[in-house]
Amino acid sequence: MARKNQTLGEFIIENQTSFKYTSGELSRLINSIRLAAKVVNHEVNKAGLVDIIGAVGGTNIQGEKQQKLDVYANEKFIHTLTNRNIVCGIASEEEEDFIAVNSQDENNQNKYIVLIDPLDGSSNIDVNVSVGTIFSIYRRVTPVGTPVQIEDFLQKGNKQVAAGYIIYGTSTMLVYTTGDGVNGFTLNPAIGSYYLSHPNMKFPENGTIYSVNEGNYIHFPQGIKDYIKYCQEEKGNRPYTSRYIGSLVSDFHRNIIKGGIYIYPKSSKNSNGKLRLLYECNPMAFLAEQANGKASDGFTRIMDIDPVELHQRVPFICGSKNMVCKAEEFMRATK
Ligand code: AHG
Ligand code: MN
Ligand code: MN
């Protein structure tokens, strides 16, 4: 039973036995994510004081400018997860290929793989606005003790065992699910412990916030244009309020608490949108559904999409159930 203000450590131990494949391995994995998150949090908080702001001068596999903190966070998470030898494979938004973690060693009986967006919303770092980390955990499908394969990573979102995010905001929070609801823990930086501050998080079924980069409006599909106009119409509880931070984690976090919809559609510039199915959309979709919300590409449930490549992008509509259903209605009407 979740108790407000219990520590994350206590919560993990108490809930371990209710998890159907319990062996302690998943608990250890979540534990090392919380540890890496503390280290990254420390660095994010120092941005401005130390030489960590700005771009490194390179681009990642997706051709995007890498920020110093992108690289730092990537290294920290990979390092922590490999050093503690608790996973058999990792894939990161910042790495071209997946990383096999001693998985060829027959003594490595680890069965979990992790997919991670080490720093989400990194363009916000320089301006002191919230960023995040997103993670997604699956059980491998190939035999333990053999090298991990691409098919261990290209699983549908509905096979996720756990998923979550860390938001480095006015306070730092870890929000995650193991398929039994969503719980949010706030870091007390003085003590270094996370406390359960947001038990059993749920999206309000109806919200009044829409989050979309309207600068791309003219490139959007007609269904999304029509939905945006619907949000702006003066009728009932509309017009809705527009809020867009430009960091999925932060926009999602606000919307789960207040009720709202996040949209990153395909456009005439990006035929599949921008967000990555495996590192961003699937984990957020799992959290959304566990919190009574919904996530769709406009027509299909995100978690039912069959991934074909590691860095695949998909259109993403996610948030309060009735709002996502309405946006889908507009998409279908103009198909
Ligand atoms: P990342 O920093 O990991 O590349 O992700 C940024 C993503 C997402 O977090 C955010 O909502 C979106 O990109 C913002 O994109 P636009 O600037 O195109 O609106
Ligand atoms: Mn991201
Ligand atoms: Mn990122």
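The following questions and answers concern the metal site, surface, salt bridges and strands of a predicted model.

Me: Which conventions apply to this model?
Reply: Residues are numbered from 1 along each chain as its sequence is written, while chains are lettered from A and ligands numbered from 1 in the order in which they are written. Because the model is predicted, local features need pLDDT of at least 70, side-chain atom pairs count only at pLDDT 80 or more, and totals for chains, interfaces and linings use all residues; side-chain values use heavy atoms, with hydrogens and water left out.

Me: Which residues coordinate the manganese ion (ligand 2)?
Reply: Donors are N, O and S atoms within 2.8 Å of the metal (3.2 Å for Na, K and Ca), and water is not among the atoms, so sites may look incomplete. The coordination distances for ligand 2 are 1.9 to 2.2 Å. The spacing of the donor residues in sequence is D-x2-D-x159-E. The residues are Asp-117 (OD), Asp-120 (OD) and Glu-280 (OE).

Me: Which residue bridges the manganese ion (ligand 2) and the manganese ion (ligand 3)?
Reply: These two manganese ions lie 3.7 Å apart. The residue that bridges them is Asp-117.

Me: Why does Asp-120 count as buried?
Reply: Buried means under 20% relative accessible area, exposed over 50%, and partly exposed in between (1.4 Å probe, protein chains only). Asp-117 is also a buried residue, at 0% relative accessibility. Asp-120 counts as buried because its relative accessible area is 4%.

Me: What is the area of the nonpolar surface patch made by Val-127, Val-129 and Ile-245?
Reply: Patches are made of residues with over 30% relative accessible area and no salt bridge, like charges being joined within 9 Å and nonpolar side chains (Val, Leu, Ile, Met, Phe, Trp, Tyr) within 5 Å. Accessible areas come from the Shrake-Rupley method with a 1.4 Å probe, and for residues only the protein chains shown count as cover. Val-129 is partly exposed at 36% relative accessibility. The patch made by Val-127, Val-129 and Ile-245 has an area of about 220 Å².

Me: Where is Val-129 placed?
Reply: Helices (H or I, at least four residues) and strands (E, at least two) are DSSP runs, numbered from the N terminus. Val-129 is in the loop between strand E5 (112–120) and strand E6 (131–139).

Me: How many salt bridges does the structure hold?
Reply: A salt bridge is a side-chain nitrogen of Lys or Arg within 4 Å of a carboxyl oxygen of Asp or Glu. One of them joins Glu-233 to Arg-238, with the closest N and O atoms 2.6 Å apart. Here Glu-233 is partly exposed at 38%, whereas Arg-238 is buried at 12%. The number of salt bridges in the structure is 11.

Me: Which helix holds both Glu-43 and Lys-46?
Reply: The side chains of Glu-43 and Lys-46 form a salt bridge at 3.4 Å, N to O. Glu-43 is buried at 12% relative accessibility, while Lys-46 is partly exposed at 26%. The two residues lie three residues apart, about one turn of the helix, in helix H2 (residues 25–46).

Me: With which residue does Asp-304 form a salt bridge?
Reply: Asp-304 is partly exposed, with a relative accessible area of 34%. Its partner is likewise partly exposed, at 32%. The closest N and O atoms are 3.0 Å apart, and the partner is Arg-301.

Me: Which residues are joined into one network by salt bridges that share partners?
Reply: Glu-280 belongs to this network, and this residue also coordinates the manganese ion (ligand 2). The network consists of Glu-93, Arg-276 and Glu-280.

Me: How many of the residues of strand E8 are buried?
Reply: Thr-172, Leu-174 and Tyr-176 point one way from E8, Met-173, Val-175 and Thr-177 point the other way, and all are buried. Strand E8 (residues 172–177) is therefore largely enclosed by the rest of the structure, the buried count being six of the six.

Me: Which residue takes a positive phi in the hairpin of E8 and E9?
Reply: Two strands pair if DSSP finds at least two bridges between them. E8 and strand E9 (residues 182–188) pair in the antiparallel sense over five bridges, with Leu-174 opposite Phe-185 in E9. The hairpin has four residues between its strands, and the residue with a phi near 95° is Gly-179.
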